[in-house]
Amino acid sequence: MAKPHIANHYLQATIRGAQRQGHDACSLLTQADIPHDWLGHPEQLITEQQLTHLIKSVWRATRDEFLGMSSERCNNGTFALMCEYCISSATLGAVLRKSAHFYRIVCNNLDIAMEAHDKQVFFRLHLKDARNDTDHLLQEFLILMWERMSCWLVDQQIPFAHTQFNYPAPDHEAEYQAMYPGELKFNQGVCGFQLHEKFLHLPVVRNEQELREFLQAAPAYILHRPSQDESLRLRIQALLARYDYADMPGLTTLGELLHMTPRNIGRKLQDEGTSLRKIKEAQRREHAVRLMTIENLSIAEVSEQLGFSETAAFSRAFKRWTGFSPTRWQSTRNH
């Protein structure tokens, strides 16, 4: 059995909306195979599977994907319908735009939109009326849904620049550190998350069968916490993700951001078996391979998005990375 690692706080927070509607706490916990006496015992951690089962029991009881925590109900099946509507999209950007359009139509209490500014994209995902979301669980869950769904669709851990909330840091703030990648910001005007616009071009690689399996297991994948990698390499990858490929910073700027000397950064990366040049090269290579799967992008467009001043320079780099020229690689993919 998986090791429990989720705070006990989430037991009471998950059932609170259902309780307000008159549903019995013990019955909800029984359906999730959770002992009743675990409520209110901070030392008793729970597993992802237990929280998954508890959320499902609340969904069934309230017939509400918003768990009874919104001023307006969101009918069960709404998220699945949105995913089915978006799965044929070519890129992550298309999914985010279509999902925002979908929820603006079906959920009046959700302020959702995508805003672009200076190469950064902010995905606003904000409850207009949060009076019933007293523990902030619904707001937390909504942001998790879109961040984890985005990563799942492109089969990549997207390095979100930051995730923000319109309330003070809660008592269970430590849970946020494990749930959301990147910087956390509290007391903001609205809730949502930010990423560099280059990630909007990532291709959707999931198919309808995989989506059915994803939805059948829901919310298991959304609640699953990626393993925590504390390496300097990963921290640098997250910082570089905020920049265009042509403008990725060097050791001096990274040293200022990380409060380390350039020499210490270089030495520690060497100890981890890598270097700043290798990290930058790997990020460009991985992004190039993904972009080359999008049929409507030309080689010149991929080259430009990766920050190459000349298509010929990109072609040489791509051949060095993969052993194939871009044209040859595309032809092998199409046959």
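A salt bridge, as the term is used here, is a side-chain nitrogen of Lys or Arg within 4 Å of a carboxyl oxygen of Asp or Glu. Please keep in mind that the structure before you is a predicted model.

I begin with Lys198, in the loop between β5 (192-196) and α8 (208-217). Lys198 is buried but has no salt bridge. Its nearest side chain of opposite charge, Asp244, is 6.3 Å away, and the limit is 4 Å, so the two do not count as a pair. A polar atom of the Lys198 side chain does lie 2.6 Å from the backbone oxygen of Tyr243.

Elsewhere, the count of salt bridges comes to eight. Asp111 and Arg124 form one of them, at 2.9 Å from N to O. This pair links distant parts of the chain, with Asp111 in strand β1 (residues 110-117) and Arg124 in strand β2 (residues 120-127), 13 residues apart. Arg124 also bridges to Glu115, where the closest N and O atoms are 1.9 Å apart. Asp111, Glu115 and Arg124 are thus linked in a network of salt bridges. Within it, Arg124 is buried, at 16% relative accessible area, whereas Asp111 is partly exposed at 21% and Glu115 is partly exposed at 36%.

I turn lastly to internal space. The whole structure holds three cavities of 30 Å³ or more, and the largest has a volume of about 130 Å³. Thirteen residues line that largest cavity, with Tyr10, Leu51, Leu144, Met179 and Leu223 nearest its centre. Helix α6 gives the largest share of the lining, five residues. By class, the lining comprises nine nonpolar residues, one polar and three charged.

Conventions. Residues numbered from 1 in each chain as written. Predicted model: local features only at pLDDT ≥ 70, side-chain atom pairs only at ≥ 80, totals over all residues. Heavy atoms only, no water. 1 Å grid on protein atoms, 1.4 Å probe; cavity = no way out; pocket = protein on both sides within 12 Å on 5 of 7 lines; lining within 4 Å. Points joined across faces, edges and corners; volume = space filled by probe spheres on them. Helix = DSSP H or I, 4+ residues; strand = E, 2+ residues; numbered from the N terminus. Nonpolar A, V, L, I, M, F, W, Y, C, P; charged D, E, K, R; others polar. Buried < 20%, exposed > 50% of the residue type's maximum accessible area, 1.4 Å probe, protein only. Lys, Arg positive; Asp, Glu negative; His and termini not counted. Polar contact = N/O pair within 3.5 Å; in protein donor to acceptor, adjacent residues only side chain to side chain.
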